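Work through the exercises below with the sequence and the model side by side. Try each task before reading its solution.

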Amino acid sequence: MSSPDPVDLTPVTGAATDVAPLGRAGDKPPHERTGVEEMGLADWDAIAATREFKELLRSKARFIVPATIFFVLYYFALPVLVGYAPELMARKVWGNLNIAYIFALSQFFMAWALAIIYVGVAMGWDRRAEAILARFGRKSGQ
Amino acid sequence: MTPALGMFLAFVAFTLVITYFSARKTSGASSYFAAGRRITGWQNGLAVAGDYMSAASFLGISGMIAFAGYDGFMYSVGWLVAYLTVLLIVAEPLRNAGKYTMADVLAYRLSPRPVRAMASLSTLTVSTFYMVAQMVGAGTLVKLLMPGISYEVAVCGVGVLMIVYVVFGGMLATTWVQIIKAILLMSGSIFLSVLVMKQFDYSFTKFFDALGHVTFHTKTGELVTRDFLQPGLKYGAQIGNGYGPLDLISLGLALVFGTAGLPHVLVRFYTVPDAKTARASVVWAMIIIGLFYIMTTFLGFGAATILNPDNIIDALGKSNPNASAPLLAQKLGGEVFFAFISAVAFATILAVVAGLTISASTSFAHDFFTNVIHHGKEQKPGEEVRVARITAFVVGAISIAIAIVLGSAVNVAFLVALAFAVAASANLPVIVLSIFWKRFNTVGACAGLGTGLVSSIVLILMSPSVMGIDPETLTTGRHFIQMAPIFPLENPGILSIPLGFLGAILGTLMTREPSAEARFTELTVRANTGLGAEGASEH
């Protein structure tokens, strides 16, 4: 492989300037394509123009945007309430255990639940992405 | 030599051996940086968790909770919720579109040279902040184990070990060290939590009741009794001229949005074969990190009640929050457990520091030196390797110097939170905008990185952490600038993150870059389908 286009500086492994060995000489790995070389890899515009791809993007936005808004609001409710409604948060519910601690602990379960829901939903997106690529005779990672 | 010290040294030697043998199998950039992209989801999850549960979490958060109670626990919450930002917004597009670093993703659409230069500067800055925290933590540990030597010598020793790690190891080595360490740290924390609860006859009621009245001396020497479950010990409305609550929100912003901009966390998503595995590894990491952070309740609150903040002091008799967890282990589990916990924490620090040094020095050598100064052409053979090594030494030396100037009593969780603030202000805006905004361009990326970097650092320098007027009688822990702080908050995020976004957006709107807009379609297709993403290497 000749030296990469001077404009595109995506790291090329196996190049003379490879920083990898850091003092140890070793075998050079296979060449990894640079951004410019990959430009003609696929007909990006054709894929982007398909109904399925547009539908996939919409489906992702429909989940990710509300989910992000939800967790940001849920999380920041904690410091805001702790800071500006300390009496409410200090109210004790069980022994010395107060609302502030329970709310903080609930953040862990919120994060886990949202992550697991996301993984379930994202599996559907994987299948749709594979179907789109299959139509173009491609698969992920190719 | 004490038995604790002997065990500690044996354990550290063991991790070095692992590093050496895995390093022998490492060859080439792909395996050096990205472990051949063959790491599986749960392995990578453990490694991400291992990276994350650094000195800051184990030593820092435990100490923060031991001294500031509930407000310290807010760090734990923020650091877990941060992974939702990583999972929902950045992990998969980055894995699908990138190669090794954040700069690669930016270089895809934008003009590579200026973008790489700015990205390498911000990587260096974030890494240095992060490393200072690790050095302070390591210095504290070594001093606990070897009371005879000074903190300064301890920090320098850690620096030397770090260089050994970086020269012999690579990403595969640190990945395995992190996996083993994550398992050991989790086991140690579970055991320590059980020991804490044993003190309260395994009764949560007794545990939480004991937290209701902890009597200790404040910094001014006053004897007070506080409820450690009540918010407000550190960020209350009466603290910091009434800016406490705002400071807490500012901290939350840095924690939740900073993780997604941390170079050494992002690089972990390139060690897995595809985006699906990247996603799985984030979830694994969240489960492990979440369990660990819930346990900080026992470690930190346990240290507050069983040890009492008054007794958390280092060999010189100075109050040191970073020593909370090791001292608690010593009190409840004896010398052997103390050595084990300290060695695990120390191995963490070495591995984290090695990962940081690798990302910082290679980013500088490749992105800045070769590509920017020499226009992509190496002047002499092996020059880039030499620059990477020199950078590793320089970054190490700067971190050692700052860690010595700061001293051992600065809470390491707080120092790391500053690194998060810089990452959230400089890196996150440009990552998000380059993935989601078609119009985004080179000027915007450089302006965003620049304003985020400069504003967060300037605000830290003007904050009460650096500026303040101390009474003449105070001899240690004096502020660096004896002046009333210009910026009232300790955490800059609330102002510097919007400034980072503003810089990126205004910079973009000033110019048009048709080539960047033209390649947006390609990036979108890549990010959402994984077409063209680098897979697992075959050897």
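The exercises go from whole chains to single residues, then to a core and a pocket.

This is a predicted model, in which local features need pLDDT of at least 70, side-chain atom pairs count only at pLDDT 80 or more, and totals for chains, interfaces and linings use all residues. Residues are numbered from 1 along each chain as its sequence is written, chains are lettered from A and ligands numbered from 1 in the order in which they are written, and side-chain values use heavy atoms, with hydrogens and water left out.

**Exercise 1. Describe chain A as a whole.**

Step 1: take the secondary structure. Helices (H or I, at least four residues) and strands (E, at least two) are DSSP runs, numbered from the N terminus. Chain A has 4 helices and 2 strands. Their order along the sequence is α-α-α-β-β-α.

Step 2: take burial. Buried means under 20% relative accessible area, exposed over 50%, and partly exposed in between, with a 1.4 Å probe and protein chains only. Of the 142 residues in chain A, 44% are buried.

Step 3: take contacts, meaning heavy atoms within 4.5 Å. Among contacts in chain A with a separation of 6 or more, 56% join residues 24 or more positions apart.

Step 4: take the surface. Accessible areas come from the Shrake-Rupley method with a 1.4 Å probe; for residues, only the protein chains shown count as cover. Chain A exposes about 7,300 Å², and carbon and sulfur atoms supply 65% of that area.

**Exercise 2. Repeat the description for chain B.**

Step 1: chain B has 20 helices and 2 strands.

Step 2: buried residues make up 67% of its 539 residues.

Step 3: of the contacts in chain B with a separation of 6 or more, 81% are between residues 24 or more positions apart.

Step 4: the accessible surface of chain B is about 17,100 Å², with 70% belonging to carbon and sulfur atoms.

**Exercise 3. Place A:L56 and A:S59. Is each buried or exposed?**

Step 1: A:L56 sits in helix α2 of chain A. A:S59 is in helix α2 as well.

Step 2: A:L56 is buried because its relative accessible area is 0%. A:S59 has 12% relative accessibility, so A:S59 also counts as buried.

Step 3: look for partners, leaving aside neighbours within four places in sequence. A:L56 contacts A:W125, A:R128, A:A129, A:I132 and B:N528. A:S59 contacts A:W125 and A:R128.

Step 4: check C-alpha distances. A:L56 and A:G124 are 68 residues apart along the chain and 9.7 Å apart in space. A:S59 and A:W125 are 66 residues apart in sequence, with 8.2 Å between their C-alpha atoms.

**Exercise 4. Examine B:S189, then the loop after its helix.**

Step 1: B:S189 lies in helix α9 of chain B. Its relative accessibility is 0%, so B:S189 counts as buried.

Step 2: beyond four places in sequence, B:S189 is in contact with B:F58, B:F292, B:M295 and B:L299.

Step 3: go to the loop between α9 (171-199) and α10 (204-211), where B:D201 lies. B:D201 is not a glycine, yet has a positive phi of about 55 degrees. B:Y202 lies in the loop between α9 and α10 too. B:Y202 has a positive phi of about 55 degrees and is not a glycine either.

**Exercise 5. Which residues touch the most other members of the largest nonpolar core?**

Step 1: define the core as a set of buried Ala, Val, Leu, Ile, Met, Phe, Trp, Tyr and Cys residues joined through side-chain atoms within 4.5 Å.

Step 2: the largest core has 203 residues, and B:Y75, B:W79 and B:M286 touch the most other members. Helix α14 (residues 324-373) of chain B gives the most to this core, with 23 residues.

Step 3: follow B:Y75. Not counting residues up to four places away, B:Y75 touches B:I61, B:M64, B:Y235, B:L251, B:L255, B:A413, B:F414 and B:A417.

**Exercise 6. What lines the second largest pocket?**

Step 1: define a pocket. On a 1 Å grid over the protein atoms alone, a pocket is an open set of points where a 1.4 Å probe fits, with protein on both sides within 12 Å along at least five of seven lines; lining residues have an atom within 4 Å of a point.

Step 2: 23 residues line the second largest pocket, and A:K60, A:I64, B:I435, B:F436 and B:N528 lie nearest its centre.

Step 3: find the elements. α2 (51-84) and α4 (99-135) of chain A, with α5 (70-97), α16 (412-436) and α20 (520-529) of chain B, each supply at least two lining residues.
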